[in-house]
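I opened the model to look up a few points about its packing. My notes are below, in the order I took them.

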There are 4 protein chains.
Amino acid sequence: MQLLRGYYIEDLKVGMSSSYGRTVTETDIANFAGVSGDTNPMHLNAEFAATTRFKQRIAHGMLSAAYISTLIGTRLPGPGCLYISQSLRFMAPVRIGDTVIATATVTHIDPVRRRVKLSTVCKVGDTVVVEGEAETLVESRAKQAG
Amino acid sequence: MQLLRGYYIEDLKVGMSSSYGRTVTETDIANFAGVSGDTNPMHLNAEFAATTRFKQRIAHGMLSAAYISTLIGTRLPGPGCLYISQSLRFMAPVRIGDTVIATATVTHIDPVRRRVKLSTVCKVGDTVVVEGEAETLVESRAKQAG
Amino acid sequence: MQLLRGYYIEDLKVGMSSSYGRTVTETDIANFAGVSGDTNPMHLNAEFAATTRFKQRIAHGMLSAAYISTLIGTRLPGPGCLYISQSLRFMAPVRIGDTVIATATVTHIDPVRRRVKLSTVCKVGDTVVVEGEAETLVESRAKQAG
Amino acid sequence: MQLLRGYYIEDLKVGMSSSYGRTVTETDIANFAGVSGDTNPMHLNAEFAATTRFKQRIAHGMLSAAYISTLIGTRLPGPGCLYISQSLRFMAPVRIGDTVIATATVTHIDPVRRRVKLSTVCKVGDTVVVEGEAETLVESRAKQAG
């Protein structure tokens with residue numbers, strides 16, 4: 001099953017980047033509410049949401065964060081890496097029908113400690129909705145061999 | 001609909017705390033994979049997972065993070081607050097059947113800027129699985145009245 | 001529990017037909033992506049899909065194929081039959097809001113080997129979206145009695 | 001959004017292969033029943049299933065087929081390819097807890113018509129549960145440029 005592997009640390013370079021995009025549907029918000037238990041009326045109650053600054057239901061900020069996690073876990077560095085930390089700054093709301101593009105870009109590689117930092121950003125069009133930094137631990141070919 | 005409201009900033013005090021607990025099921029992991037798109041085999045492939053350091057499928061780290069978001073959005077400070085930022089440090093894996101208790105505790109209140117910081121931690125028994133800090137913007141009764 | 005049974009081979013005749021129809025919603029596509037892991041942006045990313053030949057998000061072809069499987073497994077021949085093979089030719093896209101009508105028609109019966117072949121087609125209005133052939137193994141009353 | 005692209009026909013070679021694995025849970029079967037409508041008691045009714053040759057509930061054959069579709073749509077050839085046809089031969093049942101590994105291998109490339117054929121197989125351990133052939137239409141770099 002070696003095809004399931006992501007990148008080894010030797011294969012990563014600063015500047016490498018990957019994206020994952022998804023249009024946020026009403027279904028996604030309902031499903032995220034179910035799996036998380038976050039029933040905040042801003043997400044699920046259209047009448048309440050109409051009275052807020054956003055005027056309508058918005059997606060859970062952690063749903064966009066989950067797309068970042070998808071990138072880290074499936075693409076860059078991908079399967080086999082260990083997720084150490086993530087910072088998240090929620091900058092703007094995501095509305096039903098918005099297409100969120102999450103992008104992770106390698107910013108720092110420490111080959112000795114096998115730590116890889118990535119800048120992570122979610123955008124809707126040109127608007128940054130979430131930004132932050134991920135830190136991961138990535139396996140080494142050498143360690144595998146040794 | 002005033003029952004849907006969370007705390008106003010005047011009602012919050014440093015040290016106030018709230019918790020949300022949930023037993024992580026195989027279903028939760030399947031559903032989180034669906035809503036996020038994170039099909040990393042560590043979460044979904046028992047044979048692959050058996051070859052990893054964790055020896056079995058583990059939950060997405062962002063699922064525990066989502067429980068923190070649930071606390072912030074539904075309990076403390078609760079509906080009406082704006083989620084500004086969250087830091088997450090993934091300390092230990094969550095396995096199927098583990099009960100995760102997420103706890104948020106108010107650590108700092110800035111009444112002028114209406115900012116409230118909370119320490120956030122997820123535990124399985126005595127083991128910290130995720131820790132970090134949340135920052136929120138909370139409405140004021142005064143502003144409402146004014 | 002005999003009400004759960006489908007047809008015995010003695011009850012089937014060439015030309016017998018059954019249909020199953022369903023309007024494809026955004027929810028169905030999100031849920032199919034979840035259960036399959038198929039996060040191809042043609043299905044989930046409206047902005048990407050707008051740049052493709054189809055101009056919008058389309059349903060997974062295997063979702064229409066699943067409707068054929070539903071017919072085979074629940075109606076004709078129905079519960080008790082064994083699904084041997086299915087060929088699928090994806091002819092045209094299915095868009096959100098399209099109503100897919102899957103139809104299976106018995107084309108060949110081999111009473112000795114208890115094999116039943118069915119032509120299977122999915123249409124949206126007059127447009128064929130998927131076509132193919134199913135082969136099944138169907139129980140015999142005689143065998144049941146013997 | 002060019003990062004969302006799969007392979008161009010110029011980048012494919014006979015023998016290239018990709019796999020996707022997933023442990024089939026009770027949840028997956030329930031979710032597949034919901035999205036397809038296939039409520040055959042073999043999949044959903046444990047008492048009925050105990051009376052069948054399989055002695056227990058089995059997964060929908062089309063669920064394994066969906067994993068093949070996931071491979072085609074997200075990995076090999078991946079986003080941008082058009083799924084033309086798929087043949088499926090259901091060889092053995094998949095039970096709850098089985099880990100299905102779907103593998104697609106390029107077997108034939110027609111650069112003029114841009115057609116790519118792949119052998120597709122799903123296995124549980126060493127047992128083939130589904131096998132068949134996929135045909136896809138893959139974009140060309142030349143066509144993009146021209």
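These entries cover a helix contact, the relation between two chains, aromatic pairs and one helix. I note first that the model is a predicted one.

**Entry 1: a helix contact between chains**

I asked how helix 1 of chain A packs on helix 4 of chain B. Helix 1 spans residues 26-36 and helix 4 spans residues 61-74. I read an angle of about 90 degrees, with the axes 9 Å apart. The two helices are therefore roughly perpendicular to each other, since 65 to 115 degrees counts as such.

I then listed the residues in the contact. Helix 1 of chain A brings A:Phe32, A:Val35 and A:Ser36. Helix 4 of chain B brings B:Leu63, B:Ala66, B:Tyr67 and B:Thr70. Sorted by class, this contact has five nonpolar residues, two polar ones and no charged ones.

**Entry 2: chain A against chain B**

Which turn and which shift lay chain B on chain A? I found a turn of 180 degrees and a shift of 0.0 Å along the axis, with an RMSD of 0.1 Å. This is the relation of a two-fold axis.

I also looked for the residue of chain B that comes closest to the rotation axis, and it is B:Ser87, with its C-alpha at 2.1 Å. For the interface, 100% of the interface residues of chain B are interface residues in chain A too, so the copies meet through the same surface.

**Entry 3: aromatic pairs**

I counted ten aromatic pairs over all chains. I wrote up two of them.

One pair is A:Tyr20 with A:Tyr67, at 5.7 Å centre to centre and 80 degrees between the planes, which is edge-to-face. A:Tyr20 sits in strand 1 (residues 17-23) of chain A and A:Tyr67 in helix 4 (residues 61-74) of chain A, so the pair ties together parts that are 47 residues apart in sequence. Are these two tyrosines, A:Tyr20 and A:Tyr67, buried or exposed? Both A:Tyr20 and A:Tyr67 are buried.

The other pair is C:Tyr83 with D:Phe90: the ring centres are 4.7 Å apart and the planes stand at 40 degrees, so I logged the pair as tilted. This pair crosses between chains, from strand 2 (residues 82-90) of chain C to strand 2 (residues 82-90) of chain D. C:Tyr83 and D:Phe90 are both buried.

**Entry 4: helix 1 of chain D**

Which residues of helix 1 (residues 26-36) of chain D are buried? I noted D:Thr27, D:Asp28, D:Ile29, D:Phe32, D:Ala33, D:Val35 and D:Ser36. After helix 1 of chain D comes D:Gly37, and its phi is positive, near 90 degrees.

Key: Residues are numbered from 1 along each chain as its sequence is written. Chains are lettered from A and ligands numbered from 1 in the order in which they are written. This is a predicted model: local features need pLDDT of at least 70, side-chain atom pairs count only at pLDDT 80 or more; totals for chains, interfaces and linings use all residues. Side-chain values use heavy atoms; hydrogens and water are left out. Axes are lines fitted to C-alpha atoms, for helices over the stretch in contact, and angles run from 0 to 180 degrees between N-to-C directions. Helices (H or I, at least four residues) and strands (E, at least two) are DSSP runs, numbered from the N terminus. Angles under 35 degrees count as roughly parallel, over 145 as roughly antiparallel, 65 to 115 as roughly perpendicular and the rest as oblique. Contact means heavy atoms within 4.5 Å. Ala, Val, Leu, Ile, Met, Phe, Trp, Tyr, Cys and Pro count as nonpolar, Asp, Glu, Lys and Arg as charged, and the others, Gly among them, as polar. Copies are superposed by least squares on the C-alpha atoms of residues with pLDDT of at least 70 in both. Rings of Phe, Tyr and Trp (its six-membered ring) pair if their centres lie within 6.5 Å; planes under 30 degrees apart count as stacked, over 60 as edge-to-face and the rest as tilted. Buried means under 20% relative accessible area, exposed over 50%, partly exposed in between (1.4 Å probe, protein chains only).
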